[in-house]
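User: I would like a close look at one part of this model. Take me through the metal site and what surrounds it.

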Amino acid sequence: MFLVGELGRSMRSDGILGVGGSDQSRATAVVVASRRRWLKRRETWLVVLGVALHAVYMLSIFDIYFKTPIVHGMDPVPPRFSEPPAKRLVLLISDGLRADKFFEPDEEGKYRAPFLRNIIKNQGRWGVSHARPPTESRPGHVAIIAGFYEDPSAVTKGWKANPVEFDSVFNQSRHTFAFGSPDIIPIFCSALPHSTWNSYPHEYEDFATDASFLDEWSFDQFEGLLNRSHADPKLKELLHQDKLVVFLHLLGCDSNGHAHRPYSSIYLNNVKVVDKIAERVYHLLEDYYRDNRTSYIFTADHGMSDKGSHGDGHPTNTDTPLVAWGAGIQYPKPASGNSHSDSVTTFVDKHAHDMPTPYDWGLRRVERVDVNQADIAPLMSTLLGLPCPVNSVGNLPLGYMKLNEAEEVEAVVANTKQILNQLLRKSYIKSSNSLFFKPFKPLVHHSFSLSQIDELISAKSYEAAMKLAVDLRNLSLEGLHYFQTYDWLMLMTVITLGYTGWMIVLALHVLQCYSSLSGDLSKKEHLSVQKKDSGKVYISGCLLMAILSVLNLVEHSPPLYHAYIGMTVFLWTQIFSEYRLIRGLWKYLRERRADYFIKLLFAAAVAVVIVELLVHSFTERKLYTWFFLIAGVVASILLHFSIPWRSGIPVFVCISCWFLSVFTLMPAEIPDNNNLVVTSGAIIIVISLAAKWLDTHAEGNKFWQSITFHESRTQMCSMLYCIQIFLVGVSSVMVFLSTKHRTQNQELHSSHQFINWLVAGSSMVLPLFSANGILSRLSSIFLGFAPPFLLLSIGYEAVFYSALAVVLMAWILFENASHHSSKVKESSLSENNTEEHITIGSDERYLQLSDVRIPLVFMVLFNVAFFGTGNFASIASFEISSVYRFITIFSPFLMAALLIFKLFIPFMLVICAFSAITKLVRVPRLGCYFLVILFSDIMTIHFFFLVKNTGSWMEIGNSISHFGIVSAQVVFVLLLFALTNLYTRSIRIKPLSTSPSLKTL
Ligand SMILES: [Zn+2]
Ligand SMILES: [Zn+2]
């Protein structure tokens, strides 16, 4: 059935058994020792390679998904107007104001924004402005003011600072006056010499109070400025020039929405406040200028969900009001037909917005013009006769503008040329760098289209010119996307090839070093000539790498491209250098019978199903529930047949799996339940008592002896056990006491704090001194980590700790049973077969196909150790309350360290059990580790394709963190191996008394 150890057999015949003379056995010992040294070097090398490879490929998502859309070096295109429609423009942004709360009436049927409603009905235009997720303040403002959807790549460069320079309406203006939040105003104005701006200190954004005074602050600043101008002739002169922008950022709704949710009276009242401010600004400016040359735009950067948050693509977040009036803006029109005119055909992220105007808004008779958020930038630019911001992707919403036919065409042509310029610039940059440039075909003849448009304009056939210009603009937008994703195919191929190459390298290594296969092959093939041949492979690999590097240099590719390609070429060179092994493998496979392939296929299918289950479990925790429900039944049936006598083990395994399945149904945000934490202390003690009972009462039984075996049993061990039980009891009491004290006095008693630290710290050291049998050491580790975990727990996760431990015990019992039954089977076979298991390591055997089960089960348990009590969405909102039993003052680093430590504890348990099992069934642990990495890289590839660059913060962040987490698993698992080795290193199992090889070695 398995790739059983033939090398062992060949070595044995060479005298490992001591059949031959002592000279021979000494020579074999030398060979074995040198092979072991070689293996060790190779293992280290593979680990280093794995870490480097995952680090390099992880960075690739920034070259693929998060590349900034901004290019520099385009010329601005001013519209060819005789006179711009407006002399100055006022932009009012009510941060976090969602459309329905703005337009709908309150319970008494009164509208919250009477002034702006009056404008909509009598004086201006209105619509819904659709924000693109991530619906956050900064991208929202960038879309409105600069006209492009800021790429999430800015995240990596720190969004607060300005990661990239971009053009904006403010930048093109003669002068900009801006007042508002310190998070927003400096983005646009801090580097702008022709601006006057001010923002309040951060402390003003205190969530506890009604934040509408922040709106008043912005207005007061502007009013003060106008008042000052009466005494300041220079300022007055400036204020009377054209191309001025006034920007008032009104943060009130956002702060109040976060603090009190959008249904609260405070938020709804804030809507009235911003309406009042719009009214006051309007009257202030009309009184000041009296020239009817001011346009006004009122909108919001994003909405606010019912829960008081924003960020995702839900309509409550993306739908914001837009009201425009004043100079250059059309008067209201009666709605034509029953639907609103939607000037935009496709939204940037294909999100549909054909929401009909709700009846209770009372606006069905007034024509509504919806826009994408970035369309507001060209609208503002055109009103002032300015060129559109050069990086803008907005389409000018003509439905708002009062222009004659010729001016309309000119405005759209300017907008089109500005977008086309971006495309040409991107195309130029790409073509000047690449050797095999593939242009964006639909726009190869763009200059012809442009001259055609000019001809049509001079012939006064405006309609045809408009149609051409709009078509050209749409094509240009498509072309921008084409160049944004130009390298995708190449990069995706290189990286997928890289990961597959790495997986093949690992698989070959495992087959070569930890399975009987290489011995099998080397017997048939003489590997002496291999060196010379693999030299050729290396030379051609180097050549290929050199060629590709030169190509990359010529193409001015980013430096990391070299790393991606170099890594992939290197891995494939490694694979080809082993071509003898591959050929041998192929031959070996061809000689197998059909049932071998059926088994192989079955194992592969099971592995793929489990790995895919793990991939989906990242978004759907409930999968684990199903998995453990089924696994419990399957495992107990298998056990029932492999244990010949009547035994409670199958029932125990089934019940423990079912118990664990409950936890993934519970909410990821753990509700407080102090009593549960206290009781779980008792559960832990009961479990350890059961383990202790088993440990002492099963000594004689042959089945149990491999896990209950001790090298020494001293008085100290049982005393240690009592101390550990006592510490768990103490921590349980301390959970109760310190929480009670905290709730009564709002603080942590310093003596409680001291005891907690002492108990948690000392209990983790104790397992190191426990007896070194599998069961006694593991139950001691379980007891040792219980106090810190209990003290860091706030709810059901304390019980999860026990449930996980019980399942780990069930796993050990399962492996022990199958190990035991395979031993029984073998001893009934012929004498010769008994030693087939003896192999490479001191007393390790070769890996068999069925051993794939161990890394797979490990991966499931390793992941459930995390998902049992949390998910990645709630990682950011750690339950801070769980560290309150250890620290009194706010110190983010210590808190984070404690929270991460708490997450670590279940992982440690799983790794300890894994190490124990590899010892129990005598398989090489590193071989199993490489298999774990192999399987988790299937997940890595899957997550690599799932990375998103659109959607909410949460979606983008989660997709990156999923990919990052599985990529980091190589390092993480290895690190935990090293840590837990402290505890598991000294575990002893019963030596193989039946194996003579040990004695001879
Ligand atoms: Zn905002
Ligand atoms: Zn906000």
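Analyst: What follows is a walk through the metal site, then through some parts of the chain beyond it.

Keep in mind that this is a predicted model. All values below are computed from it.

Start with the zinc ion (ligand 1). Its protein donors are D95 (OD), S137 (OG), D301 (OD) and H302 (NE2). They lie 1.9 to 2.3 Å from the ion. The angles among the four donor atoms run from 95 to 129°. The site is tetrahedral. For reference, the ideal angle for four tetrahedral donors is 109.5 degrees. Along the chain, the donor residues follow the spacing D-x41-S-x163-D-H. In that pattern, D301 and H302 form the closing D-H pair.

How accessible are these donors? D95 has a relative accessibility of 0%, so it counts as buried. D301 is also at 0% and counts as buried. H302 is buried as well, with a relative accessible area of 0%. The cut-off for buried is under 20%.

D95 deserves a closer look. It sits in the loop between β1 (88-94) and α3 (99-103). Its side chain makes a polar contact with the side chain of H302, at 3.1 Å. Both residues are donors to the zinc ion (ligand 1). Two donors of that ion are thus joined by a direct side-chain pair as well as through the metal. What else does D95 touch, leaving aside neighbours within four places in sequence? Its contacts include the other three donors, S137, D301 and H302. H141, H249, L250, L251 and C253 are in contact with D95 too. So is D254. That last residue leads to the second metal.

The zinc ion (ligand 2) is 4.4 Å from the zinc ion (ligand 1). Its coordination comes from D254 (OD), listed twice, with H258 (NE2) and H310 (NE2). These donor atoms are at 2.0 to 2.6 Å. Which geometry results, tetrahedral or irregular? The four donor atoms subtend angles of 54 to 147°, so the arrangement is irregular. To count as tetrahedral, all angles would have to lie between 85 and 135 degrees. The zinc ion (ligand 1), with 95 to 129°, is inside that window. The donor residues of the zinc ion (ligand 2) are spaced D-x3-H-x51-H.

The D-x3-H part of that pattern maps onto a helix. D254 and H258 are four residues apart in helix α10 (residues 252-260), so about one helical turn separates them. Their exposure can be set side by side. D254 is buried, at 8% relative accessible area. H258 is partly exposed, at 27%. D254 also links the two sites: it donates to the zinc ion (ligand 2) and is in contact with D95, a donor of the zinc ion (ligand 1).

Now follow the chain out of α10. R261 lies in the loop between α10 and α11. Its phi is near 70°, a positive value in a residue other than glycine. Most residues other than glycine have a negative phi. R261 is partly exposed, with a relative accessible area of 45%.

Next comes helix α11 (residues 265-289), whose axis comes within 10 Å of the axis of helix α8 (residues 212-229). The two axes cross at roughly 10°. The helices are therefore roughly parallel to each other. Which residues meet? From α8 they include F219, F222 and L226. The α11 side includes V273, V274, I277, V281, L284 and L285. Charged residues take part too, among them D215, E216 and E223 in α8 and R280 in α11.

After α11 there is another positive phi. N292 is not a glycine, yet its phi is about 55°. This residue is in the loop between α11 and β6 (294-299). At 60% relative accessibility, N292 counts as exposed.

One more loop is worth a stop. K333 lies between β7 (319-326) and β8 (341-342). It is partly exposed, at 40% relative accessibility. Its C-alpha atom is 5.5 Å from that of E367, 34 residues apart along the chain. Leaving aside neighbours within four places in sequence, K333 is in contact with R125, R365, V366 and E367.

Finally, the setting. The chain has 35 helices and nine strands. Of its 1001 residues, 55% count as buried. Among contacts between residues at least 6 apart in sequence, 81% join residues at least 24 apart.

Technical notes: Residues numbered from 1 in each chain as written. Chains lettered and ligands numbered in written order. Predicted model: local features only at pLDDT ≥ 70, side-chain atom pairs only at ≥ 80, totals over all residues. Heavy atoms only, no water. Helix = DSSP H or I, 4+ residues; strand = E, 2+ residues; numbered from the N terminus. Buried < 20%, exposed > 50% of the residue type's maximum accessible area, 1.4 Å probe, protein only. Polar contact = N/O pair within 3.5 Å; in protein donor to acceptor, adjacent residues only side chain to side chain. Contact = heavy atoms within 4.5 Å. Donors = N, O, S within 2.8 Å, 3.2 Å for Na, K, Ca; no water. Tetrahedral: all angles 85-135°; square planar, octahedral: opposite > 155°, others 65-115°. Axes fitted to C-alpha atoms, helices over the stretch in contact; angles between N-to-C directions. Parallel < 35°, antiparallel > 145°, perpendicular 65-115°, else oblique.
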